[in-house]
Structure formats: C-alpha cells, structure tokens
Amino acid sequence: MATDRPMQLGMIGLGRMGANLVRRLMRDGHRCVVYDVDADAIRQLEAEGATGATSLQDFAAKLDPPRAAWLMLPTAIVDATLTQLVPLLAPGDTIIDGGNSYYRDDITRAKQLATQGIHYVDCGTSGGVWGLERGYCLMIGGQDEAVNRLDPIFKTIAPGKGDVEPTPSRTRTDGTAPEGYLHCGPNGAGHFVKMVHNGVEYGMMAAIAEGLSVIKHADAGKQTRTVDAETTPLRDPEAYQYDIDVGEVAEVWRRGSVVGSWLVDLTADAFARSPELDDFTGRVSDSGEGRWTVLAALDEGVPATVITTALYERFESRQLGEFTDRILSAMRSEFGGHAEKKP
C-alpha cells in the first residue's frame, strides 16, 4: 500500500543496496532523484521511474528544498563526496549516510555541517541485497528535527511488523522498533549500534562455520594419520567414524532449531549451490565494523572475546598470519623438532 506521506529523496550511490533502496521507495510512492558515477546504473533506474542526474550539481538542482540526500557509498569515499556535495546544498537540507561509516566520523561531520545549517543523519542499514522484498533494519542517529521529518522514508524502507510475532513480554506501545527502524540517539548513535550489530554478526558467522567444520571432520578416525613424535595421535579413532552431509545439517538447522537464522539460511543455500564449497576461496574480508567494535569494547572495558576472536579469524583467512607461522616453524626447527622447510 502506498505511503500517505510521499516524499522526495536523492540517492547517491546505486550499487546493489542503493539501487534497491530506490526501488523500494518508488514502489511505495516516493519520488527519487539518483546519481552514480556509473551512467548505466542511472539509466536503469530512470527506466523504472527515477529521475536521473548527470552530475552532483544536476542532482542538487533536481531536489526540492529542504533537500534530503542519502549517501550509499563505501566508507572510503564519503568525505570526498561530501566535499563536492555540501557547497551545492543550503541551510535546512539533510544528508543521510546509509553506509557503514565510523560513528566517530559522524560526530565530526555533524558538527561541521551544523555550522552551515545542514542536518546530518547516520543510518545503519542492514538487509543486504534481499532488503528490496524483506525490508531493511534501520539504526538511526541524528537530531530529532531531521529524523522526524524523514520518518516516512524510514517507514517505507523498514520491514514493518509483517508476520513476526510480537515480543511476548513487551508492554511498550510506543516507538518504531517493532516496525524495524529505531532512532537510537544523537549523531553517531545509529552507526554505533550498526557497528556492534556487525561485530555480533562476525561472532555468529564464526560459530556457525566452526561448528559445521567440526561436523565435516567427524570422519577423522577413518583418516590415515602420520605417526611420529611431532603429531598428536587421535586417542579414540572409533569415536570419529561419521560421514555426515554438512549441507543437509545446515538445511535441518533451518527448521525449528534454536540456532536457525538468516545466516544459517544463507549457509544452506551456499551448500546447495556448491556442496564442497569449491566456489568459495576461504578469504573473508572485514570492512571495519568488527575492528571498531573491538576498539569500543576496549575503551569501555567490556570483554568481547568472541567478537575479537572472530575478527582475528578473518585476518587469518587472508594469510595475514603467515609470517607468524613461519617464525613458529623456525623456532620449532631450532628446538630440534620437525619443521617444514622450503626446498
């Protein structure tokens, strides 16, 4: 059903999430002006009803004041884009950063923009490429005036209550959290909550992956193992004689299990497409949020053992511990033990 409060929004950055945010907004009756360095991305959304812009100047000119410009960009280019965009705006306009910026940068940007009368809103956006249909969970930071004015936009983008059962013990009848979006606090609060959200995701992903790997290797007792002083023997080989289909385990965990989740859904789908995961390299990137979560935990004195370990595991997946391993190998060799040496 179309919104009863249609608004105009400008979107800069038409990658998979940015483009789908525009599509979701237009489906609900909002008007969108779009810009990207990729002209083909602009043309695609123009064909679907958006108004395309050929430059940032053209983008700003096509927005009705007070303007609302949403950035859906990689963290590394947000400041450079703001440098070009801000001179084209006017007091009363609002910039929304929907990417994964560091919350401390939000605080700095908001203060700088306030001197020009421009509002800044940070909006942690979770939902990935599936958000077009499912909606996006939004974690919002900013001053009340700007956030409240944009409420129709957030309401459309968020999932809404849908068919999710109400929290049994929840007695609050106000607030937007049950709709899938939340004004978390002043500038930076939205990205702070999204930062920790992604840190938690690191830990959950690592636990699922490690558990399935233990199941994958439940046939260890059938394997021929090296017998020497340097290799720990398997004490009870007969206890590890299972050939378990890990893909089917992921599938069954989706059905009624307490660990059932969207992450398990994605894992089961990956196994369905690539049963031995041969399509995947084993390299896992980290875009910053896990690191920043660990830093915040250190500053706050909060133990975050699982998230920290999951972050280090991602470093290991990229062979960033290779030199450490060589040093360990060298020390072991010098102690008189066995160590693999290059020919």
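These notes cover the overall build, strand 1, helix 12 and an aromatic cluster in a predicted model.

1. Overall build. The chain holds 14 helices and 8 strands. Its C-alpha trace spans about 75 × 45 × 45 Å along the principal axes. Of the 343 residues, 43% count as buried. The accessible surface comes to about 19,800 Å². Carbon and sulfur atoms account for 55% of that surface.

2. Contact range. Take the contacts between residues at least 6 apart in sequence. Of these, 64% join residues at least 24 apart. The aromatic pairs in points 7 and 8 give two long-range links, one between parts 190 residues apart and one between residues 89 apart.

3. Strand 1, burial. Strand 1 covers residues 8-12, and 5 of its 5 residues are buried. In a regular strand, side chains alternate between the two faces of the sheet. Here both faces are covered. Gln8, Gly10 and Ile12 are buried on one side. Leu9 and Met11 are buried on the other.

4. Strand 1, neighbours. Strand 1 runs parallel to strand 2 (residues 31-35), and 5 bridges join them. Glycine 10 stands opposite valine 33 of strand 2. Strand 1 also pairs with strand 4 (residues 68-71), again in the parallel sense, over 3 bridges. There the bridge partner of methionine 11 is tryptophan 70. The connection from strand 1 to strand 2 includes helix 1 (residues 16-27), and the three elements make a right-handed β-α-β unit.

5. Helix 12. This helix takes in residues 289-300, 12 in number. From first C-alpha to last it reaches 16 Å, close to the 16 Å expected at 1.5 Å a residue. Its buried residues are Glu289, Gly290, Trp292, Thr293, Val294, Ala296 and Ala297. Their cover includes helix 9 (189-216) and helix 13 (305-317). Glycine 301 follows the helix, with a positive phi near 70°.

6. Threonine 305. This residue lies in helix 13. Is threonine 305 buried or exposed? Its relative accessibility is 59%, so threonine 305 counts as exposed. Between threonine 305 and glycine 203 there are 9.3 Å in space, C-alpha to C-alpha, against 102 residues in sequence.

7. Aromatic pairs, tyrosine 102 and tryptophan 292. The whole structure yields 6 aromatic pairs. In this one, the ring centres of tyrosine 102 and tryptophan 292 are 4.6 Å apart and the planes lie at 25°, so the pair is stacked. Tyrosine 102 sits in the loop between strand 5 (94-97) and helix 5 (103-114), while tryptophan 292 belongs to helix 12, so the pair ties together parts 190 residues apart in sequence. Tyrosine 102 is buried, at a relative accessible area of 16%. Tryptophan 292 is buried too, at 15% relative accessibility.

8. Aromatic pairs, tyrosine 103 and phenylalanine 192. Here the centres of the two rings, tyrosine 103 and phenylalanine 192, are 4.8 Å apart with planes at 90°, so the pair is edge-to-face. The pair links distant parts of the chain, with tyrosine 103 in helix 5 and phenylalanine 192 in helix 9, 89 residues apart. Tyrosine 103 counts as buried at 15% relative accessibility. Phenylalanine 192, at 25%, counts as partly exposed, because the cut-off for buried is under 20%.

9. The cluster. Which residues do the ring pairs link into a cluster? They are Tyr102, Tyr103, Phe192 and Trp292. Helix 12 contributes tryptophan 292, and helix 9 contributes phenylalanine 192. Helix 9 is also part of the cover over the buried residues of helix 12.

Conventions
Residues are numbered from 1 along each chain as its sequence is written. This is a predicted model: local features need pLDDT of at least 70, side-chain atom pairs count only at pLDDT 80 or more; totals for chains, interfaces and linings use all residues. Side-chain values use heavy atoms; hydrogens and water are left out. Helices (H or I, at least four residues) and strands (E, at least two) are DSSP runs, numbered from the N terminus. The expected span of a helix is 1.5 Å times one less than its number of residues. Buried means under 20% relative accessible area, exposed over 50%, partly exposed in between (1.4 Å probe, protein chains only). Contact means heavy atoms within 4.5 Å. Two strands pair if DSSP finds at least two bridges between them. A crossover is right-handed if, with the strands pointing away from the viewer, the path from the first strand over the helix to the second runs clockwise. Accessible areas come from the Shrake-Rupley method with a 1.4 Å probe; for residues, only the protein chains shown count as cover. Rings of Phe, Tyr and Trp (its six-membered ring) pair if their centres lie within 6.5 Å; planes under 30 degrees apart count as stacked, over 60 as edge-to-face and the rest as tilted.
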